[in-house]
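Please open the model in your viewer and keep the selection panel at hand. The stops below go from one bound component to the next.

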Amino acid sequence: MNKIADSIVINIGSLVTPRPHVGLVRGKKMDDILELNDAFVAMRNGIILAVGTGDYTIHQGADTKLIDAGGRLVGPGLVDSHTHLVHYGSREHEFEKKLRGVPYLKILEAGGGILSSVKMTQDASERQLYRQSRHSLDIMLKHGVTTVEGKSGYGLFAESELKQLRVQKKLNETHPVDIVSTYLGAHALPVEYRDRRQKFLDHVVETMETVKKEDLAAFVDIFCEKGVFTVEESRFVLESAKKLGFGLKIHADEIEALGGVELACELGAASADHLMVITDSGIEALKKHDTVANILPSTSFNLNSDYAPARKMIEADLAVAVSSDYNPGSSPSENFLFTLNIAAIHLKMSPAEILNAATINAAHALKKGTQIGAIATGYDADLVIYDAKNWPYVLYHFAINHVKDVIKKGRLVVENQTIIEEV
Ligand code: IZC
Ligand code: ZN
C-alpha cells in the first residue's frame, strides 16, 4: 500500500479522538478517549492514511505538504447532528414575550413561533434562503463543525419544503461543510388544517415521496409534542418514512413526555432528540436499542428550561450525542462550541464524554459513524486545530472561538479563523 501522503499535519501537541473503530460509544465508555502527544496525521485523497507519534517521514514524499500545528491541540471535525439550518429571517420580535415568561408552545398556539418562521420562509426566494444559510454555515465551520444535519420544516407544504431541501442540496455542493438533510414536513400543523389533521399528515407523506424521488433527504423527522403531533400521528409519519427507506429521527420529550422516545426505539430510529423530560421508560427503551440519545442543551439554556438528565442517561449505558439545535426560535446560535460549554456546565458531562458526544456518537446519529467523527485510518480527513493546548481548556474557557484552522477532507478550508477555500 502506498504510504506517501498528500499532506501531513505535524507537530501536534495533543491529539484527541474517540477510540478508533469502536462503534457507538455507550455509558461509561463515553469517558474514554485516545490522547496522543507529539503526534501527526497523514492524509491522502481526503482520507486519513495514518495517525501516529514521533517520526512521520515514512509518509513524506517530494510533493507532500506539511501543515505545522505548532504544538497545538487537534481534534476531529465536529459533527452537529441536529439543526434547523435553512430558514428565513429571525424571531427577535418574540424575544421580549419569551423573556416575560410566555411559554414556547403558547407562542406557537397563537400562530407565532415556528409558524412565524414558516411565513418568512415560504415568502423567501431560494437565493435569499441560500445567502442566509450560507452565512450560518460559515459561522459553523469557523467554530469547527465539518458536518451538519439540517432539517426542512419551515415550508410545511410541498412547494416550500422542497425549496428548503433544494437550497440545502445546493449548499452541500458549494460549501466545504457536508450537510445531511432531514425532511421535517411535520414540524407544525398549518392553521388552516386545525380541523383536518389527517389531511395534513397525508400531505406530508405525499411530499415525502417526492423528497425520496428527488433524493433530497436521508432522514425523516417529526415534532412529537403536546399540542403539535401525537405519538400515533408520529407513528403514521415515521412508518411511512421507513417503508420508503428513510432513516428516522424524532423530536421527543422536549416539553412533555408523550412516548415518542419509545416509538423511536421500536421503529429503529437513528436518534431521538431533545429528551429534556425523558422518563424512566424512555431510558429503558434507549438502553435496549442503538438509537442515539441526542441532547440539545443550548435549547434548555435559551428557553431557561429543564436540561436533559445526561448523567442519569450515561449511567444507564445510553449512547449520548450533543447538538446545537440551531434554529430561529429556541436556539438562535450557530456557535457549537458554546453548546459544548453548556454540556460541561449544565449537563455535567466530562470533556471526554463531550468529545465522543460531538463527534463519533453524533456521526452515528447520522448513520455515518464509520466515515466521520474520529481521527482514524480510513476516516475522512476532517480535523480542527485549536489555539489551545488541550481539550478540557476549550470547554473551560467558555464562549470563545478557540478554533484556529479547519481541514475538511484533507484540504485546509479555515486558516487563522478565516475561510480560505470554497468548494
Ligand atoms: O423554530 O422553534 N423545537 N422546533 C422544535 C423548533 C424548536 C424550531 C423552532
Ligand atoms: Zn429541532
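This tour of a predicted model visits ligand 1 and then the zinc ion (ligand 2).

Begin by selecting ligand 1, which sits in the largest cavity, and then display the residues that surround ligand 1, namely His-84, Arg-91, Tyr-104, Ile-114, Tyr-154, His-187, Phe-223, His-251, Glu-254, Asn-327 and Ser-330. If you colour this shell by class, you should find four nonpolar, five polar and two charged residues.

Next, add the side chains of Tyr-104, Tyr-154 and His-187, and look for their polar atoms beside the ligand. An N or O atom in the side chain of Tyr-104 is 2.5 Å from an oxygen atom of ligand 1, while a polar side-chain atom of Tyr-154 lies 2.6 Å from an oxygen atom of the ligand. At His-187 the partner is a nitrogen atom of ligand 1, with a polar side-chain atom of the histidine 2.7 Å away. Switching on a surface puts these contacts in context, for ligand 1 taken alone exposes 270 Å², and the protein buries 100% of that.

Now move to the zinc ion (ligand 2) and select His-82, His-84, His-251 and Asp-325, which coordinate the ion through NE2 of each histidine and OD of the aspartate, at 2.0 to 2.6 Å. Two of these residues, His-84 and His-251, should already be on screen, since they also belong to the surroundings of ligand 1.

Which angles do the four donor atoms subtend around the zinc ion? They run from 80 to 166 degrees, and the arrangement is therefore irregular. Finally, trace the donors along the chain, where their spacing follows H-x1-H-x166-H-x73-D.

How values were computed: Residues are numbered from 1 along each chain as its sequence is written. Chains are lettered from A and ligands numbered from 1 in the order in which they are written. This is a predicted model: local features need pLDDT of at least 70, side-chain atom pairs count only at pLDDT 80 or more; totals for chains, interfaces and linings use all residues. Side-chain values use heavy atoms; hydrogens and water are left out. A residue is near a molecule or strand if one of its heavy atoms lies within 4 Å of it. A polar contact is a pair of N or O atoms within 3.5 Å; within protein, one must be able to donate a hydrogen and the other to accept it, and residues adjacent in sequence count only if both atoms are side-chain atoms. Accessible areas come from the Shrake-Rupley method with a 1.4 Å probe; for residues, only the protein chains shown count as cover. On a 1 Å grid over the protein atoms alone, a cavity is a set of points where a 1.4 Å probe fits but cannot get out, and a pocket is an open set with protein on both sides within 12 Å along at least five of seven lines; lining residues have an atom within 4 Å of a point. A molecule sits in a cavity or pocket if more than half of its atoms lie within 2 Å of its grid points. Ala, Val, Leu, Ile, Met, Phe, Trp, Tyr, Cys and Pro count as nonpolar, Asp, Glu, Lys and Arg as charged, and the others, Gly among them, as polar. Donors are N, O and S atoms within 2.8 Å of the metal (3.2 Å for Na, K and Ca); water is not among the atoms, so sites may look incomplete. Four donors count as tetrahedral if all angles lie between 85 and 135 degrees; four count as square planar and six as octahedral if opposite donors are over 155 degrees apart and all others between 65 and 115; anything else is irregular.
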